[in-house]
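Q: I'm new to this one and would like a close look at a single part of it. Could you take me through it slowly, one piece at a time?
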Amino acid sequence: QVQLVESGGGLVQAGGSLRLSCAASGRTFSSFHMGWFRQAPGKEREFVGSIRGSSRYYADSVKGRFTISRDNAKNTVYLQMNSLKPEDTAVYYCAAGAYGPSQYEYPYWGQGTQVTVSS
């Protein structure tokens with residue numbers, strides 16, 4: 001079992017940056033592949049990116065703007081978001097236990113953190 005808590009969301013102007021954090025507790029964090037997803041109002045949850053060892057995998061919509069990293073000593077995974085656009089507005093979730101783009105592969109989820117990008 002692993003518990004995930006996101007933080008770092010907020011309101012930012014278009015073109016700005018935010019860094020989300022996802023703190024994990026429970027089982028050995030370093031053994032888990034981690035992912036980020038987001039859900040905008042009225043839309044389905046969508047894959048943002050994931051990390052497995054030294055490999056990263058990003059959705060086309062965020063590639064080149066978002067970066068995932070992790071600090072196993074702090075049991076934390078990060079999502080650095082640059083050049084934010086209004087269409088990035090969503091609740092962002094971290095997830096653990098898989099690497100692919102399907103949310104159904106991930107057994108563990110955080111509660112989400114709101115990111116709002118104003119134009």
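Let's start with the sheet: which residue in β8 stands opposite L20?

A: It's L79: that is the residue of β8 standing opposite L20. Before we go on, keep in mind that you're looking at a predicted model.

Now for the strands around that pair. L79 is also the bridge partner of I68, when you look at β8 from β7. Between strand β3 (residues 18-26) and strand β8 (residues 76-81) there are 6 bridges, and the two strands run antiparallel. β7 and β8 run antiparallel as well, joined by 6 bridges. Zoom out a little and you get an open sheet of 4 strands, paired antiparallel in the order β1-β3-β8-β7. At its edges are β1 (2-7) and β7 (66-71), each pairing on one side only. Going from one strand to its neighbour in this sheet, the average turn is 20°, with direction ignored. As for what joins such strands, pairing in a sheet goes through backbone hydrogen bonds, either parallel or antiparallel.

Let's stay with the edge strand β7. Together with β8 it makes a hairpin, with 4 residues between the two strands. In that turn sits N75, whose phi is positive, about 55°, although N75 is not a glycine. That's worth a pause, because most residues other than glycine have a negative phi. N75 is partly exposed, since its relative accessible area is 27%. If you want another residue of this kind, try S83, in the loop between β8 and β9. S83 isn't a glycine either, and its phi is positive at about 50°. With a relative accessibility of 41%, S83 counts as partly exposed too.

Back on β7, the strand has two faces. F66, I68 and R70 make up the covered one, while T67, S69 and D71 are on the uncovered one.

R70 deserves a closer look. R70 is buried and yet has no salt bridge; D71, the nearest side chain of opposite charge, is 8.4 Å away. What does the R70 side chain reach instead? One partner is the backbone oxygen of F32, at 2.8 Å. Another is the side chain of N72, with which the R70 side chain makes a polar contact of 2.9 Å. Leaving out residues up to four places away in sequence, R70 touches a whole set of others, including F29, H33, M34 and I51. T76, V77 and Y78 are also among the residues R70 touches.

So where are the salt bridges, if R70 has none? The whole structure holds 4 of them. Look for D88, in the loop that follows β8, between β8 and β9 (90-96). R38 pairs with D88, their closest N and O atoms being 2.9 Å apart. That pair links distant parts of the chain, as R38 lies in strand β4 (residues 34-39) and D88 is 50 residues apart from it. R38 and D88 are both buried.

D88 has a second partner in R65, and their side chains meet at 2.7 Å, N to O. R65 lies in the loop between β6 (55-58) and β7, and D88 in the loop between β8 and β9, so this salt bridge ties together parts that are 23 residues apart in sequence. Like D88, R65 is buried. Add E46 and you have a network of salt bridges that links R38, E46, R65 and D88.

Another salt bridge joins K63 and D60, where the closest N and O atoms are 3.1 Å apart. D60 is exposed, with a relative accessible area of 66%.

One last stop, away from the sheet we began with: F47, in strand β5 (residues 46-52). Is F47 buried or exposed? F47 counts as buried because its relative accessibility is 10%, and the cut-off for buried is under 20%. Beyond its neighbours within four places in sequence, F47 is in contact with several residues, among them W36, F37, Y57 and Y58. Further along the chain, Y99, G100, P101 and Y106 are also among its contacts. Look at S102 as well: F47 and S102 are 55 residues apart along the chain, yet their C-alpha atoms are separated by 7.0 Å.

How values were computed:
Residues numbered from 1 in each chain as written. Predicted model: local features only at pLDDT ≥ 70, side-chain atom pairs only at ≥ 80, totals over all residues. Heavy atoms only, no water. Pairing = 2+ DSSP bridges. Axes fitted to C-alpha atoms, helices over the stretch in contact; angles between N-to-C directions. Buried < 20%, exposed > 50% of the residue type's maximum accessible area, 1.4 Å probe, protein only. Contact = heavy atoms within 4.5 Å. Lys, Arg positive; Asp, Glu negative; His and termini not counted. Polar contact = N/O pair within 3.5 Å; in protein donor to acceptor, adjacent residues only side chain to side chain.
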